[in-house]
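Dear colleague,

Please find the structure below, handed over for your own work. My findings follow it.

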Amino acid sequence: MMFLPILVGTFGNVSDGTHLLPTFVERVCIMSSIESEDVSMSIRGKGILTTLAITLIGTAPAWSQSLLKTLDSDHDGTVDLAEAKSAASKLFDKLDRDHDGTLDRRELRGRLNAKDFVAADPDNDGTLDKNEFLALVEKRFKAANPDNDAMIDSKELKSAAGRSLVTLLK
Ligand SMILES: [Ca+2]
Ligand SMILES: [Ca+2]
Ligand SMILES: [Ca+2]
């Protein structure tokens with residue numbers, strides 16, 4: 001209703017009939033574009049509610065969902081490789097308690113088993129530097145993204161491969 005005075009004002013002020021129609025059409029266009037924004041907002045709102053409901057009903061461990069939230073910095077409900085690597089890089093710095101620029105087995109405890117550690121350490125120096133760690137994250141990301149759509153959704157995150165990415169990054 002707030003557009004009505006504008007509309008009336010337009011009709012009232014424009015005495016030249018040739019300008020009336022385009023102006024009126026313009027106003028209607030503005031109004032309908034605002035209306036459709038409202039509609040898409042409410043659809044988005046419903047989408048969020050549905051997602052929340054699925055999250056609540058879902059059997060995934062809470063940390064899997066909270067990790068998705070943590071990694072998903074652009075909040076689109078999926079994790080892309082850039083988000084995973086950026087989170088992994090921050091985690092690397094946090095885990096590197098002795099600040100020697102590498103992660104040893106102790107610093108990675110609970111995230112990586114001995115066999116995977118050896119595989120992730122191609123230079124065999126017994127530690128993972130940041131490049132080795134990020135390469136490992138990328139490898140696990142790809143394994144957890146079988147549909148190759150460049151992002152991991154919550155369902156993929158719950159798969160075995162997804163959970164091994166979660167274990168590494170949680
Ligand atoms: Ca270290
Ligand atoms: Ca190494
Ligand atoms: Ca995917």
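Is Asp121 buried or exposed? Asp121 is buried, its relative accessible area being 3%, where buried means under 20%, exposed over 50% and partly exposed in between, for a 1.4 Å probe and protein chains only.

The model is predicted, so local features need pLDDT of at least 70 and side-chain atom pairs pLDDT 80 or more, while totals for chains, interfaces and linings use all residues. Residues are numbered from 1 along each chain as its sequence is written, chains are lettered from A and ligands numbered from 1 in the order in which they are written, and side-chain values use heavy atoms, without hydrogens and water.

Asp121 sits in the loop between helix 5 (114-119) and strand 3 (128-129); helices (H or I, at least four residues) and strands (E, at least two) are DSSP runs numbered from the N terminus. Although buried, Asp121 has no salt bridge, and Arg105, the nearest side chain of opposite charge, is 6.0 Å away. A salt bridge here is a side-chain nitrogen of Lys or Arg within 4 Å of a carboxyl oxygen of Asp or Glu; Lys and Arg count as positive, Asp and Glu as negative, and His and the chain ends are not counted.

Asp121 is a donor to the calcium ion (ligand 2), together with Asp123 (OD), Asp125 (OD), Thr127 (O) and Glu132 (OE, listed twice), at 2.2 to 2.6 Å. Donors are N, O and S atoms within 2.8 Å of the metal (3.2 Å for Na, K and Ca); water is not among the atoms, so sites may look incomplete. Another donor residue, Asp123, is partly exposed at 44% relative accessibility. The donor residues are spaced D-x1-D-x1-D-x1-T-x4-E in sequence.

For the calcium ion (ligand 1), the protein donors are Asp96 (OD), Asp98 (OD), Asp100 (OD), Thr102 (O) and Glu107 (OE, listed twice), 2.1 to 2.5 Å from the ion. Asp96 and Glu107 are 11 residues apart. Asp96 is buried at 6%, and Glu107 is buried at 4%.

The calcium ion (ligand 3) has donors at 2.2 to 2.5 Å, among them Asn145 (OD1) and Met151 (O). The spacing of its donor residues is N-x1-D-x1-D-x1-M-x4-E. Met151 is partly exposed at 32%, whereas Glu156 is buried at 10%.

As for geometry, the six donor atoms of the calcium ion (ligand 1) make angles of 53 to 154°, an irregular site. The site of the calcium ion (ligand 2) is irregular, with angles of 54 to 157°, and that of the calcium ion (ligand 3) is irregular, with 54 to 159°. Four donors count as tetrahedral if all angles lie between 85 and 135 degrees; four count as square planar and six as octahedral if opposite donors are over 155 degrees apart and all others between 65 and 115; anything else is irregular.

Kind regards
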